[in-house]
Amino acid sequence: MRSGFDPQRALDFARSELFDRTFKEGMAMVEETAAYLDGPGRAASKRLSRAAALAYAGESMRLTTRLMQVASWLLVQRAVRDGEIQMAEAASEKYRLIARDAQPGATFAGSDDLPEALKSLIIRGGAIYERVRRLDESMYEGGAAETANPVSDQLAKLQAAFKR
């Protein structure tokens, strides 16, 4: 936890309508993705070239991993709201949603040939992951990343240098 962490702010979010909407959207995304991958996606993957089939496997694994991280984070926030776990525990590193992709923008060879439905799920899954990651950062780091201003920092350094 950073010094900017405000437990009340995090708890207020967990009790908000925004949280309820985000929770429903995240869980619906998990269910939709699972239904696709277990049904139409499985059939579609069998018709792909070897390179596209490998891309399908890699992209679907990345997508499900990200969505499971989102679902886990959302469930922890709900547990905080319901008094099942303490805010300090929810703010610990093990529950934080931290991007762990080695190369987040990397794509697999053959990704261009993936089914459009999977491409759509990847885009939407990435969007909800990023939204929840920003919420996590804002809640548990006190918005420190949002308030940093590199231009102001540089101006302050220049002013300090010229005052010597």
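Eleven salt bridges are present in the structure, which is a predicted model. Side chains of opposite charge can pair when their charged atoms come close. Several of these pairs are described below, together with the exposure of the residues that form them.

One of the salt bridges joins Arg-131 and Glu-25, with 2.7 Å between the closest N and O atoms. Arg-131 belongs to helix H6, which covers residues 116-140, and Glu-25 belongs to helix H2, which covers residues 17-38; the pair therefore ties together parts that lie 106 residues apart in sequence. Neither extreme of exposure applies to Arg-131, because its relative accessibility of 28% places this residue in the partly exposed class. Glu-25 is likewise classed as partly exposed, because its relative accessible area is 39%.

A salt bridge is also formed within helix H6, where Glu-116 and Lys-119 are three residues apart and so are separated by about one helical turn. The side chains of Glu-116 and Lys-119 meet at an N to O distance of 3.3 Å. The two partners fall into separate exposure classes: Glu-116 counts as exposed at 57% relative accessibility, whereas Lys-119, with a relative accessible area of 24%, is partly exposed.

Asp-38 and Arg-42 form a further salt bridge, in which the closest N and O atoms are 3.6 Å apart. This distance satisfies the criterion applied to such pairs, because a side-chain nitrogen of Lys or Arg has to be within 4 Å of a carboxyl oxygen of Asp or Glu. Asp-38 has a relative accessible area of 54% and is exposed. For Arg-42 the corresponding value is 45%, and this residue is partly exposed.

Salt bridges also occur as a network, in which Asp-20, Arg-81 and Asp-82 are linked.

Helix H2, the helix that holds Glu-25, also contains Thr-33. The relative accessible area of Thr-33 is 1%, and the residue counts as buried because this class takes in values under 20%. When neighbours within four places in sequence are left aside, the residues in contact with Thr-33 are Leu-63, Thr-64, Leu-67 and Leu-121. In helix H2, then, Glu-25 is partly exposed at 39%, while Thr-33 is buried at 1%.

Notes. Residues are numbered from 1 along each chain as its sequence is written. This is a predicted model: local features need pLDDT of at least 70, side-chain atom pairs count only at pLDDT 80 or more; totals for chains, interfaces and linings use all residues. Side-chain values use heavy atoms; hydrogens and water are left out. Helices (H or I, at least four residues) and strands (E, at least two) are DSSP runs, numbered from the N terminus. Buried means under 20% relative accessible area, exposed over 50%, partly exposed in between (1.4 Å probe, protein chains only). Contact means heavy atoms within 4.5 Å.
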